[in-house]
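Could you walk me through this structure in my viewer, one selection at a time? I am new to it and would like to know what to click on next and what I will find there.

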Amino acid sequence: MSPVRRVGIAFDLRDDFVARETDPEDRLEEYDSRDTVEAIAGAIRALGLEPIELGGGRRFVERLLADPPDLVFNLAEGFGTRSREAQLPAVMELLGVPFTHSDPLTLAATLDKDVARKLCAAEGVPVPRGRRVERMRDLDDLDFGYPMICKPLAEGSSMGVRRRSRVTSAKELRDRVGELVEEYRQPALVEEFLPGTELTVGIVGNGAEARVLGVMEIAPRKDRADEFVYSLEVKRNWREEVEYHVPPRAPGLAVRAGRVALDAYHVLGCRDLARVDLRLDAAGHPRFIEVNPLPGLNPISGDIVIIANRTGISYEGLIAAIIEAAVGRQGLELAR
């Protein structure tokens, strides 16, 4: 196989879509900005490789068929279904085009938060108790109490997660679940609310060589720590709402959190790069919340970019690590 010289970038921009009037206001939250695509292209050039913008959707498929690159750097979120993140990787698998990040099965399984948590729980990874809710009667026999947190079943980037997502009564629970099911046109996930520290863990690599890039504590500036929700409001105003600590302030916490995150990474079949979100329970034990196998790579605000920067890894170094992991996994080599 020839060396990797030309690296395509698969992506979906917010400007590629038009939200309907009936859509929630965060419907396009997960999609990338032009700044992110340009930053990744610059990092690819810094490796001595040629970046090629492929975009997403049908445009991506047409360009891939016409002139396939040696490797695709995959950012594409897809559109329309709970398997949307798996759409373009499935096309690349079909056509035999190498790509970065996880395969279609992992991307589909992890976007559905209930599927991901059940797979992790089955393999001994600690998770909060929870329930997939399609109808109000699904709330009748919950085996855990208040407070609870409610979120859309198959969305990312804190879509549908607000401060009011933490509920403390039956009325609040039913009101919030009803809003989510109606607005996002999908089931909701209801989980016990864990009162401890919010953590996110960056992981890079594959198999036995996968390693923790860093563990970040997300500490609220304004909210009580035991009631804090890493919500859309907080993420949009992160400089004022939170403090980031890499590593976490509690002694030994980074090691314990990294162990749980790596276990989840392996159970779910993640590849090359992922970000695993955890939260401490009342006893201080880390529990798996969800994993993002296509974590945001905005050069300023991406959580995994912040983790990398605070562990001494530049943006270019992070992109290089992803590409090198993908190249090594697929038995390729970079043209130098």
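**Stop 1: two crossing helices**

Start by selecting helix α1 (residues 34–46) and helix α11 (residues 315–329), whose axes cross at roughly 75 degrees and come within 9 Å. Angles from 65 to 115 degrees count as roughly perpendicular, so α1 is roughly perpendicular to α11. Keep in mind as you look around that this is a predicted model.

Now show the side chains where the two helices touch. From α1, pick T36, A39, I40, A43, I44 and A46; they meet Y315, E316, I319 and I323 of α11. Colour this contact by class and you will find 8 nonpolar residues, 1 polar and 1 charged.

**Stop 2: from strand to helix to strand**

Keep α1 on screen and add strand β1 (residues 6–10) and strand β2 (residues 50–55), which pair in the parallel sense over 5 bridges. To see one of the pairings, click on A10 and look across to its bridge partner in β2, G55. Then trace the chain: it leaves β1, passes through α1 and arrives at β2, a right-handed β-α-β crossover.

**Stop 3: two helices side by side**

Next, select helix α2 (residues 57–66) and helix α3 (residues 87–95). How far apart are their axes, and at what angle do the helices pack? The axes are 11 Å apart, and the angle is about 20 degrees. Since angles under 35 degrees count as roughly parallel, α2 is roughly parallel to α3. Their crossing is right-handed.

For the contact itself, show G57, F60, V61, L64 and L65 on α2, together with L88, V91, M92 and L95 on α3. Sorted by class, this contact has 8 nonpolar residues, 1 polar residue and no charged ones.

**Stop 4: a sheet of four strands**

Move on to the open sheet with the strand order β4-β7-β5-β6, where the pairing is antiparallel. At its edges are β4 (130–133) and β6 (166–167); each has a single partner strand, so one side of each has no neighbour in the sheet.

Zoom in on strand β5 (residues 148–152) and strand β7 (residues 188–192), an antiparallel pair with 5 bridges. One spot to click is P152, whose bridge partner in β7 is A188.

Then bring in the helices that meet this sheet. Helix α5 (residues 113–122) packs on it, touching β4, β5 and β7, and its direction makes about 45 degrees with that of β7. Helix α6 (residues 170–184) lies across β4, β5, β6 and β7, and runs at about 10 degrees to β5.

**Stop 5: a sheet of five strands**

For the last stop, select the open sheet whose 5 strands follow the order β10-β9-β8-β11-β12, with antiparallel pairing. Which strands stand at the edges? They are β10 (242–245) and β12 (286–292), each pairing on one side only. Direction ignored, neighbouring strands here are turned by 25 degrees against each other on average.

Look closer at strand β9 (residues 211–220), which pairs with β10 in the antiparallel sense over 4 bridges. Click on A219 and you will see E243 of β10 opposite.

Finish by adding helix α9 (residues 253–267), which packs on this sheet and touches β8 (198–205), β9, β11 (272–280) and β12. The direction of α9 makes about 60 degrees with that of β8.

Technical notes:
Residues are numbered from 1 along each chain as its sequence is written. This is a predicted model: local features need pLDDT of at least 70, side-chain atom pairs count only at pLDDT 80 or more; totals for chains, interfaces and linings use all residues. Side-chain values use heavy atoms; hydrogens and water are left out. Two strands pair if DSSP finds at least two bridges between them. Axes are lines fitted to C-alpha atoms, for helices over the stretch in contact, and angles run from 0 to 180 degrees between N-to-C directions. Contact means heavy atoms within 4.5 Å. Angles under 35 degrees count as roughly parallel, over 145 as roughly antiparallel, 65 to 115 as roughly perpendicular and the rest as oblique. A crossing is left-handed if the near helix is turned anticlockwise from the far one by less than a right angle, and right-handed if clockwise. Ala, Val, Leu, Ile, Met, Phe, Trp, Tyr, Cys and Pro count as nonpolar, Asp, Glu, Lys and Arg as charged, and the others, Gly among them, as polar. A crossover is right-handed if, with the strands pointing away from the viewer, the path from the first strand over the helix to the second runs clockwise.
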